[in-house]
Amino acid sequence: MASLTIRKLDEAVKAYLRLRSAGNGRSVEEEVRVILGELIQGRPELPGGSVSSAEAPAQAPRPISASSARNVTLIIGGGIAAFKSLELIRRLKERHIDVRCVLTKAAQQFVTPLSASALSHERVYTDLFDPGSEFDAGHIRLARECDLIIVAPATADLMAKMAQGHADDLASAILLAADRPILLAPAMNPLMWNNAATRRNVLQLRRDGVQMIGPNAGEMAESNEAGVGRMSEAVEIAAAAVDILRPRQPRPLAGKRVLITAGPTHEPIDPVRYIANRSSGKQGFAIAAAAQAAGADVTLVSGPVELRDPAGVTVIRVESARDMLHRVQAALPADIAIFAAAVADWRVANEGEQKLKKTSAGMPPLQLVENPDILATISKLTDKRPPLVIGFAAETEHLIDNAKAKIARKGCDWIVANDVSPATGVMGGDRNTVHLLTRDDKDTGVDGIQVESWPVMTKEQVAAELVAKIAKSMEKNS
Ligand SMILES: Cc1cc2nc3c(=O)[nH]c(=O)nc-3n(C[C@H](O)[C@H](O)[C@H](O)COP(=O)(O)O)c2cc1C
């Protein structure tokens with residue numbers, strides 16, 4: 001068999017081989033072997049499409065074997081944030097995730113296939129009707145020969161197409177043919193994000209099981225506007241991808257609907273002032289994320305907080321206790337309801353329609369009336385009462401006694417009691433020291449309540465522990 005000395009090849013051929021092998025992360029010798037293999041299989045040396053040879057190092061389709069590394073198909077949409085997706089490629093590769101990029105036609109106005117190809121060390125795909133990759137239905141392979149599909153930036157247009165089931169270009173055809181998890185990183189102008197059509201599409205996509213990260217609040221790159229619409233940072237998207245790709249933990253709450261409340265409520269005094277409390281919502285959000293990770297279908301009704309929506313959770317943002325109750329009632333039925341929100345006990349009865357003014361007559365009289373008691377209302381439902389209702393008791397004194405009285409008074413099944421005295425730093429902090437009070441038999445009085453005291457833990461650990469307890473109880477009662 002004749003041997004081939006690369007050194008003796010024509011300079012132009014060597015330059016081409018060097019470029020192509022570097023792009024594919026192979027040695028020049030290996031690249032030559034691949035080219036010869038392709039020729040022998042009768043495959044075109046450089047598949048066609050709109051990407052030129054220099055931009056698209058050709059590569060045989062990479063089959064996914066059980067032992068292969070994790071693979072992501074990254075669809076880059078046509079938004080200004082597309083430049084961040086180039087960094088995302090690097091971040092994913094740093095995490096040992098192989099990336100194959102698909103660029104929409106509009107995306108190519110913002111970033112070049114050459115950049116995506118050079119960073120991913122893979123051929124970039126742009127065209128649904130590319131004979132080079134469609135001879136064996138390449139769009140189906142791009143949809144299936146991966147462990148996750150990321151769309152970043154997910155434009156308003158791409159989300160609309162997904163929600164409607166369009167398949168008139170490579171990106172939408174892949175998304176429609178996918179049987180893999182899909183993670184969207186939306187990015188758009190705040191007005192586009194808040195448009196009723198986009199809201200409908202986002203809701204539909206969430207219902208279809210599509211996961212989302214962001215968008216974040218901040219300044220828009222293309223205009224002097226600020227608001228919600230910035231694409232999540234590359235590291236955030238990469239972390240979400242790693243989380244999705246992590247070998248699945250047991251999903252003991254699969255098929256269960258979990259309803260959670262979190263955060264404070266804001267009770268208006270007048271159009272600009274309100275009564276609030278120091279709740280950060282961290283514990284409720286952590287429980288929502290843990291329940292979602294355990295496979296539950298989670299709805300989180302949250303008061304005003306500065307936290308990002310946990311991936312895969314349906315988040316409903318509210319202001320007042322009354323809004324919260326309405327949204328909780330609308331979210332029923334649920335198998336498990338966890339009321340972690342610090343709901344204001346009172347609201348102002350005589351809420352000012354205009355901003356209250358300082359007058360010589362002295363302070364305006366503020367009359368307080370009791371707010372609806374969400375925990376008691378849901379615990380005492382006769383028809384739609386969730387089989388497991390869990391309340392939170394934030395106390396500053398007589399913690400256990402007050403929590404025991406609360407469980408009996410409200411009619412819930414469990415209480416998570418925590419000491420929120422300022423010295424504990426629980427309100428707004430990252431750690432929590434809780435006591436879990438349980439009663440399985442709803443007729444038992446205060447004496448039948450079991451108390452389990454947990455050591456100081458992060459709020460995520462408390463959430464994981466609580467979800468594990470819930471899963472065990474569900475298993476016992478099934
Ligand atoms: C300068 C510029 C910036 C744009 N940025 C965005 C954006 O951030 N998000 C978005 O949804 N659309 C944005 N668009 C509009 C999209 O490019 C347009 O809807 C396009 O059809 C999207 O195509 P694709 O979804 O197939 O990628 C932008 C358009 C221009 C001209």
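In strand β2, the bridge partner of L74 is C101. The model that shows this pairing is predicted. Strand β1 (residues 70-76) and β2 run parallel and are joined by 7 bridges. Both strands belong to an open sheet of 5 strands, with the order β2-β1-β3-β4-β5 and parallel pairing. At the edges stand β2 (97-103) and β5 (211-212), each of which pairs on one side only. Helix α11 (residues 234-245) lies across β1, β2, β3 (148-154), β4 (182-186) and β5. The helix runs at about 160 degrees to β3.

Strand β3 also holds P153. The peptide bond that leads from A152 to P153 is cis, with omega near -5 degrees. A second cis bond joins L332 to P333, and its omega is near 5 degrees. P333 sits in the loop between α13 (321-331) and β13. Most peptide bonds are trans, and most residues other than glycine have a negative phi.

Two histidines depart from the usual sign of phi. H96 has a positive phi of about 60 degrees, although it is not a glycine. This residue is found in the loop between α3 (82-94) and β2. H96 counts as exposed because it has 9 C-beta neighbours inside 10 Å. H121, also not a glycine, has a positive phi of about 60 degrees. H121 comes just after α4, in the loop between α4 and α5 (131-134). With 17 C-beta neighbours inside 10 Å, H121 counts as partly exposed.

Helix α4 (residues 113-120) has the buried residues P113, A116, S117, L119 and S120. A118 is found in this helix too. Its 18 C-beta neighbours inside 10 Å make A118 count as partly exposed, because a residue needs 20 or more to be buried. A118 and R20 are 98 residues apart in sequence, yet their C-alpha atoms are 9.7 Å apart in space.

A second sheet is built from other strands. This open sheet has 8 strands, in the order β12-β11-β8-β13-β16-β17-β19-β20, and its pairing is mixed. Its edges are β12 (314-317) and β20 (450-453). Each has a single partner strand, so one side of each is left without a neighbour in the sheet. On average, and with direction ignored, neighbouring strands of this sheet are turned by 15 degrees against each other.

Within this sheet, strand β13 (residues 336-339) pairs with strand β16 (residues 388-395) in the parallel sense, over 4 bridges. Here I338 has I390 of β16 as its bridge partner. Strands β16 and β17 also run parallel, joined by 6 bridges. The bridge partner of F392 in β17 is V416. Strand β17 (residues 414-419) is mostly covered, with 5 of its 6 residues buried.

Helix α12 packs on the sheet and touches β8 (257-262), β11 (297-302) and β13. The direction of α12 makes about 165 degrees with that of β8.

Which residues have the most contacts inside the largest nonpolar core? They are V258, I260, I287 and A291, in a core of 60 residues. Helix α12 (residues 282-293) supplies the largest share of this core, 8 residues. Apart from this core lies another, of 57 residues, which includes V111, L119, A143 and A178. I260 shows how the first core is knit together from distant parts of the chain. Leaving aside neighbours within four places in sequence, I260 is in contact with G284, I287, A288, V298, L300, I338 and A340.

The ligand has 17 residues around it. Of these, G78, G79, T104, A106 and T155 come nearest. By class, the shell has 10 nonpolar, 5 polar and 2 charged residues. Helix α7 (residues 156-164) gives the most to this shell, with 3 residues.

Taken as a whole, the protein has 16 helices and 21 strands. Of its 478 residues, 40% count as buried. Among contacts between residues at least 6 apart in sequence, 69% join residues at least 24 apart.

Key:
Residues are numbered from 1 along each chain as its sequence is written. This is a predicted model: local features need pLDDT of at least 70, side-chain atom pairs count only at pLDDT 80 or more; totals for chains, interfaces and linings use all residues. A nonpolar core is a set of buried Ala, Val, Leu, Ile, Met, Phe, Trp, Tyr and Cys residues joined through C-beta atoms within 7 Å. A residue is buried if 20 or more other C-beta atoms lie within 10 Å of its own, exposed if 12 or fewer, and partly exposed in between; C-beta atoms are placed from the backbone. Two residues are in contact if their C-beta atoms, placed from the backbone, lie within 7 Å. A residue is near a molecule or strand if its C-beta atom, placed from the backbone, lies within 6 Å of it. Ala, Val, Leu, Ile, Met, Phe, Trp, Tyr, Cys and Pro count as nonpolar, Asp, Glu, Lys and Arg as charged, and the others, Gly among them, as polar. Two strands pair if DSSP finds at least two bridges between them. Axes are lines fitted to C-alpha atoms, for helices over the stretch in contact, and angles run from 0 to 180 degrees between N-to-C directions.
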